[in-house]
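Trainee: Could we go through this model together, one packing question at a time?
Mentor: Happily, let's have a look.

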Amino acid sequence: MIVGWIVLLVGLLTVSVVVVALIRTAIAKSKHNKFFESKNLPKITVDREVAKVHLAEAIACKTIGGRDWAMVDTGEFTRFRNVLRDAYPLIHSKLTVRQISADNLVFVWEGSDTHAEPVLFCAHQDVVPAVEEQWTHSPFGKDISDGYVWGRGSFDMKGQLIAMLEAVEQSLKEGVIIQRSLWIALGCDEEIRGENGAKIIAQTLFDEHRRFAFVFDEGGAVAKGFFSMLTQPVAVVGMAEKSYADVRLTYRGHGGHSSTPEHPTPVARLARAIHRIEQKRRPARFIAPIKAMMHSLALESPLPIATVLYNPNLFKPLIVSLFSKNSTMNALIRDTLAATMVHGSDAPNVIGAVATANINIRMLCDTQLEELIDWMKRVMKDEQIEVAVASSSPASKATDSKHPNIEPFFCAIRETFSDAVVCPYIMTGGSDGLWYEQVSDCVVRFSPFVMDKNELGRMHANDERLSIDNLAKGIEFYRRLIVRL
Ligand SMILES: [Zn+2]
């Protein structure tokens with residue numbers, strides 16, 4: 001009898017909590033301004049023909065970086081700077097141009113208010129290599145066809161760099177006056193973590209005691225088809241990025257001839273440990289940018305889904321199980337670990353005595369690497385496996401998604417992509433933005449292009465491209481942002 005009453009009470013309590021969550025969500029949705037008023041916006045004209053040629057010229061420069069900068073063909077970076085000088089005469093005559101160390105470029109456009117904090121737009125000049133034979137279109141061949149500019153870096157990120165400079169050049173031509181000064185930083189080696197590029201620029205700015213109202217770097221795009229609960233595209237803006245570490249696992253055992261093997265071999269022993277790490281996922285956590293993301297998505301979703309997303313703590317088990325099914329969503333709520341390089345022997349018939357593996361780790365902002373390594377040791381259950389950190393990046397600080405300085409940025413997104421839901425998130429990859437966190441407490445990561453899975457899949461892969469429509473949208477976005485500075 002008492003058990004029955006308890007069950008009834010718990011049931012009533014659960015129903016009441018869900019009803020309260022429903023009402024709370026319904027009120028938030030009713031207050032939410034669903035449609036952006038875009039009809040009174042000034043029209044922006046974009047010269048697509050000129051912009052696409054400038055982008056093709058930029059792509060033709062093989063600005064491929066390298067960890068040892070002495071080995072890099074810096075002539076290609078000089079060529080790239082010459083392309084920019086020819087394409088953007090007003091930027092090079094009206095703005096202050098600084099070359100910070102060999103291949104980094106900084107421009108400064110003075111605003112009318114010398115007391116206002118300036119803003120900083122970033123882009124990187126370098127690209128990852130391309131295996132020419134695997135491409136249908138030439139990766140460095142100035143190929144413009146079928147409505148696209150093709151080539152390495154067209155999307156990541158010469159397209160964005162060119163969109164930015166086109167917008168600045170056109171704004172200068174039209175006599176636009178900005179209130180805050182605009183700094184532009186073009187680093188030379190983002191693809192290899194920015195040690196020779198953004199790190200040096202950011203340190204120089206820090207040493208000069210400069211602070212920026214906001215810093216804007218590459219990041220999330222206007223994503224189409226990623227969020228099944230929504231029909232409209234979602235503009236995801238990175239408020240933070242996951243930090244990065246490489247951890248080396250080593251097992252020292254007995255080698256020998258593979259015709260008389262002793263089991264388990266060192267590779268098998270290591271494989272067992274890796275398997276345990278992959279089986280046991282890190283605990284799920286909703287950090288601030290992800291809670292903000294769920295709130296933004298909730299306001300645009302049908303009420304049942306909205307109720308779940310708007311009350312993430314209440315429905316945590318349900319959300320975790322849904323997110324865990326998809327590798328992209330899973331990476332937003334957990335630290336991830338992946339074995340990337342495993343080495344066991346130098347010959348097909350030799351069992352090596354030492355087996356090694358690299359575990360590539362991407363951590364949420366508040367994860368401590370030491371704690372994660374302790375967790376790995378516990379999960380592997382093998383004290384004979386040595387664990388050593390090979391490299392790690394500093395943890396990213398999350399920008400507050402309600403930071404007052406972001407407003408012009410969000411407005412420019414809504415004005416340019418009027419059908420998109422704007423939502424914060426954490427970037428699972430890295431960017432130069434990380435280095436600039438020391439000169440601003442408001443760093444946002446966004447690429448103003450509409451992207452689906454097919455387009456995104458070409459990044460760092462074969463036949464990378466950017467549609468001319470996207471290039472034009474990017475220019476429009478920067479122009480709308482510039483007039484708000
Ligand atoms: Zn990039």
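Trainee: How are α2 and α5 oriented to each other?
Mentor: Good place to begin, but note that this is a predicted model, where local features need pLDDT of at least 70, side-chain atom pairs count only at pLDDT 80 or more, and totals for chains, interfaces and linings use all residues. Residues are numbered from 1 along each chain as its sequence is written. Helix α2 (residues 48-59) and helix α5 (residues 158-173) pack at about 135°, with axes 10 Å apart; helices are DSSP runs of H or I with at least four residues, strands E runs of at least two, numbered from the N terminus, and axes are lines fitted to C-alpha atoms, for helices over the stretch in contact, with angles from 0 to 180 degrees between N-to-C directions. Under 35 degrees counts as roughly parallel, over 145 as roughly antiparallel, 65 to 115 as roughly perpendicular and the rest as oblique, so α2 and α5 are oblique.

Trainee: Which residues of α5 make the contact with α2?
Mentor: Contact here means C-beta atoms, placed from the backbone, within 7 Å. From α2 come A51, H54, L55, A58 and I59, and they meet K158, G159, I162 and E166 of α5.

Trainee: Which strands stand at the edges of the sheet with the order β11-β13-β9-β14?
Mentor: This is an open sheet of 4 strands with antiparallel pairing, where two strands pair if DSSP finds at least two bridges between them. Inside it, β9 (residues 243-252) and β13 (residues 354-363) pair over 10 bridges. A single partner strand leaves one side without a neighbour in the sheet, so the edges are β11 (336-343) and β14 (385-392).

Trainee: At what angle to β14 does helix α12 run?
Mentor: Helix α12 (residues 369-380) lies across β9, β13 and β14. Its direction relative to β14 is about 150°.

Trainee: Which strands does helix α15 touch in the sheet β4-β5-β17?
Mentor: That open sheet has 3 strands with antiparallel pairing, and its edge strands are β4 (144-145) and β17 (465-467). Helix α15 (residues 468-482) packs on the sheet at about 70° to β17, touching β5 and β17.

Trainee: How far apart are the centres of domain 1 and domain 2?
Mentor: The domain assignment, automatic or from a database, gives domain 1 (48-228 + 397-482) and domain 2 (241-392). Their contact takes 17 residues from domain 1 and 16 residues from domain 2. Taken over C-alpha atoms, the separation of the centres is 31 Å.

Definitions and conventions. Two residues are in contact if their C-beta atoms, placed from the backbone, lie within 7 Å.
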